[in-house]
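Visitor: I would like to request a close look at one part of this protein, with attention to how its strands are arranged. Please begin with a single pair of strands and proceed from there.

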Amino acid sequence: MISLQTRGRVKALSGPGDVLGAPKTLSTFPRAGNGARNRAAVAATVALVNSMLAGGNCARAQAPAAAPSPEPAAPEELPEVVVTGSGEGYNAGSLSLPKFQEPLLTTPRSATVVTQQLMQDEDTSSLRDALRNVSGISIGAGEGSYQGDNFSIRGFPSRNDIYLDGMNDFGSYNRDPFNTEEVEVLKGPSSAEFGRGSTGGVVNQESKTPYLEGFTAGSATYGTDNTERGTLDFDQPISLLPGAAFRLNLMAQHSDVTDRNDADYNRWGVAPSLAFGLGTSTRVIISFFHQSEGNRPDFGLPWLFDRPAPAPRDNFYGFSDDYMKTNVNAGTIRLEHDFNDVFTLREQFRDANYDRNFRITEAQVENPDGSNPELSGTYGVTQWTPLESIPVARNIIDGDGTDKLLDEDISLLSNFDTGPVHNTLISGFEYVHESDFLARVEPGWENVPNTSLLHPTNPVFPGFGPVSTVTNVNVDTLSAYLIHSMKFGTQWSLIGGLRFDDVSSVYQESIAPAETLLDNDALWSWRAALVYQPLPNGSVYLSAGNAVHPNLAQISLSSETTLPASAQRAAVGRNLEVELGTKWDLFDERFSLDTAVFWDEETNAAPVDLDDPIFTGLERVVGFEFSGVGHLTHDWQLVANYTFEIGKILTSDVPGMAGNPVLNAPNNTFSLWTTYDLSWNLQAGAGCNLVGARYGSNVPDVNGLLEEAPGYIIFSAMLKYQINKDVDIPSIPKKRECSTRKVWFC
């Protein structure tokens, strides 16, 4: 893969100080990706990048944006700026979320930040790829009820725990980071900060916002498997409005998949934002995000007994006209006002729509007589059955619907001293409305032909059928929360959080068997932690907290067909975690080293997918993890982390489930990425991502077997060459990157 990344900057009107709209990094180099069917969109984006980055003209063209001087003045000598990509490199130092005011060193929980520099160096073009840098996360296929991004954190499903600028981003789509400044992962129960759900942790995407320093950045990427991608990142201060700036991010991409030639992925996006009052006591940012996707998705190989079928990797079992189309539109208004050094008021409002229309094929092994083993209770296929004799049924998953989100959050930040104790207090209210409408033919499809396990065919879809389900779901949540941090001198801190959520859920199925389910839950969440700093560059902490999730609300928003009868008895899920850890900043605070042990128990776990049983019971996950990130030397950067965990279902009212492993929770996950600056403007990088074997079912099949997905390891490498050093006023280098990726299964 070849990626050309370039950037130009105009004279700084204001430094990117610690104000709203000033990102932590100067660099916003877009990432490489995968693309070639959307050639018109890709070519248009690339052409726009080239036109705005034509040598030094981009800087000179923007020069008039500076306010004219009333009288001639000597040319200003700008300070020399050396840019290596991100102001922080791989080590962020703190979280962007306003509910976390402490630096990472004294934040009493496992937290990881995937910075802009790291995403740039790895050519990251999806949220999934960004999360491969974080151990303890296992990525699912996003199938059945959950199209798009789907993963687990510490063994607990977290598909509903994806956030955008601190607000829930619950739509089903594949997230592209073209408008993402950084990705933040907080592990452990987080209901006290984020509300219902958040059992294993949360993933927050921090959006790019304007700031008072004009620049233009772009990338053009070409690679194997018909990969084409173009991005543009343009920021411009508005000279007629002091403290105002405009920013625009564009993206277009197409790609196939290695050895899966029938799969096809296309998307494009646009994200404008406008800021007022930057650097003043009152700051406003208005932003809009749009992403469209048109894919021919791929559900891979079918299961055979307890593991993927031994069929050729390039076998595709879908139809030639399978599709998944998504459209995401999200508008956000953010306001901050500093009354004084003590009080800051913050309000954020979002209105988002997530449209999707899909028809996807899932391959399922059938008995030689054509019966489904899961339905018939008999398994006609044995280990001696020739593979060429095994038929594969095509299970059609479809839907046409819209998810909607309204979210209003208002909070007050207070900083004050009471005697020798420094207090940071965050209090606020939040109202969230989530709704889902979905119409599906499934399970009423007819005339869907089977195919062969070893030699599948891919005709145009011949099936037909009436609409079988039409569901409407509305979930309203009204919340109040309080987070209090008390610092006693220079060594001890006590942090506590409390939140109340009133959750009202309405589920309606309008086609027979018509059904209406109602639920209302009053939920309390808490978190407490004690932090001790034996030295200024280190901390030891003990934290505990819980998470709550009303299962009816959670599974109703999962866009499944008619809910099973067991949904009517879905109790509130509750989770408790205790974590003991230590964090240290080493080598003059250039490198951060963290380690922690954790113990999690959850009652009435939410199902990973509604094909799985909804059960009343108890499951436990225990483990430990360590991570290191930052500069080992001036030229050598490293990100490494490892998690070991054991998850088990202790009790269950579903026969055969107790004693089995927790779903999608590998014992071992490991991630490594490192770069080294060489001579002659070269930088070399390499890394790997290991995910151990994990289970895809928690109830044995008719043969008494549990489905087990094999572990895998991904190797990556990168060589970067800095083409030129200067673009007159201070420069940002152009860079060319080559990367390769190899996947091994073990």
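In which sense do strand β4 (residues 151-153) and β5 pair, and over how many bridges?

Guide: The model is a predicted one. In it, β4 and β5 pair in the antiparallel sense, over two bridges. Within this pairing, Ile153 stands opposite Phe156 in β5. The two strands belong to an open sheet of three strands, ordered β3-β4-β5, with antiparallel pairing. The edges of that sheet are β3 (137-139) and β5 (156-157), each with a single partner strand, so one side of each is left without a neighbour in the sheet.

A second sheet deserves the closer reading. Five strands form this open sheet, in the order β2-β8-β9-β6-β7, and here the pairing is mixed. Its edge strands, β2 (111-114) and β7, each pair on one side only. As a general point, strands of a sheet pair through backbone hydrogen bonds, in either the parallel or the antiparallel sense. Both senses meet at β9: seven bridges join β9 to strand β8 (residues 180-187) in the antiparallel sense, whereas three bridges join β9 to strand β6 (residues 162-164), and those two strands run parallel.

Individual residues show how β9 is held between these partners. Gln205 of β9 is the bridge partner of Leu164, and Val183 stands opposite Gln205 as well. One residue earlier in β9, Asn204 has Tyr163 opposite.

The surroundings of β9 can be read from its burial. Seven of the seven residues of strand β9 (residues 201-207) are buried, so the strand is largely enclosed by the rest of the structure. In a regular strand, side chains alternate between the two faces of the sheet. In β9, Gly201, Val203, Gln205 and Ser207 point one way, while Val202, Asn204 and Glu206 point the other way, and all are buried. Polar residues, among them Gln205, Asn204 and Glu206, are thus included in the buried set on the two sides.

Asn179 approaches β9 from elsewhere in the chain. This residue is found in the loop between β7 (167-168) and β8. Its C-alpha atom is separated by 8.5 Å from that of Glu206, although the two residues are 27 apart along the chain. With a relative accessibility of 9%, Asn179 counts as buried, because the cut-off for that class is under 20%. The side chain of Asn179 also makes a polar contact, at 3.3 Å, with the side chain of Asn249.

Further along the chain, two aromatic residues form a pair. The ring centres of Tyr211 and Phe215 are 5.7 Å apart and the ring planes lie at 40°, so the pair is tilted. Tyr211, at 2% relative accessibility, counts as buried. Phe215 is buried too, with a relative accessible area of 0%.

For context, the protein contains seven helices and 35 strands. Of its 746 residues, 56% count as buried. Among contacts between residues at least 6 apart in sequence, 72% join residues at least 24 apart. The protein exposes about 29,000 Å², with carbon and sulfur atoms supplying 60% of that area.

Methods:
Residues numbered from 1 in each chain as written. Predicted model: local features only at pLDDT ≥ 70, side-chain atom pairs only at ≥ 80, totals over all residues. Heavy atoms only, no water. Buried < 20%, exposed > 50% of the residue type's maximum accessible area, 1.4 Å probe, protein only. Helix = DSSP H or I, 4+ residues; strand = E, 2+ residues; numbered from the N terminus. Pairing = 2+ DSSP bridges. Polar contact = N/O pair within 3.5 Å; in protein donor to acceptor, adjacent residues only side chain to side chain. Contact = heavy atoms within 4.5 Å. Areas by Shrake-Rupley, 256 points an atom, 1.4 Å probe, with all protein chains shown as cover. Phe/Tyr/Trp six-rings, centres within 6.5 Å; stacked < 30°, edge-to-face > 60°.
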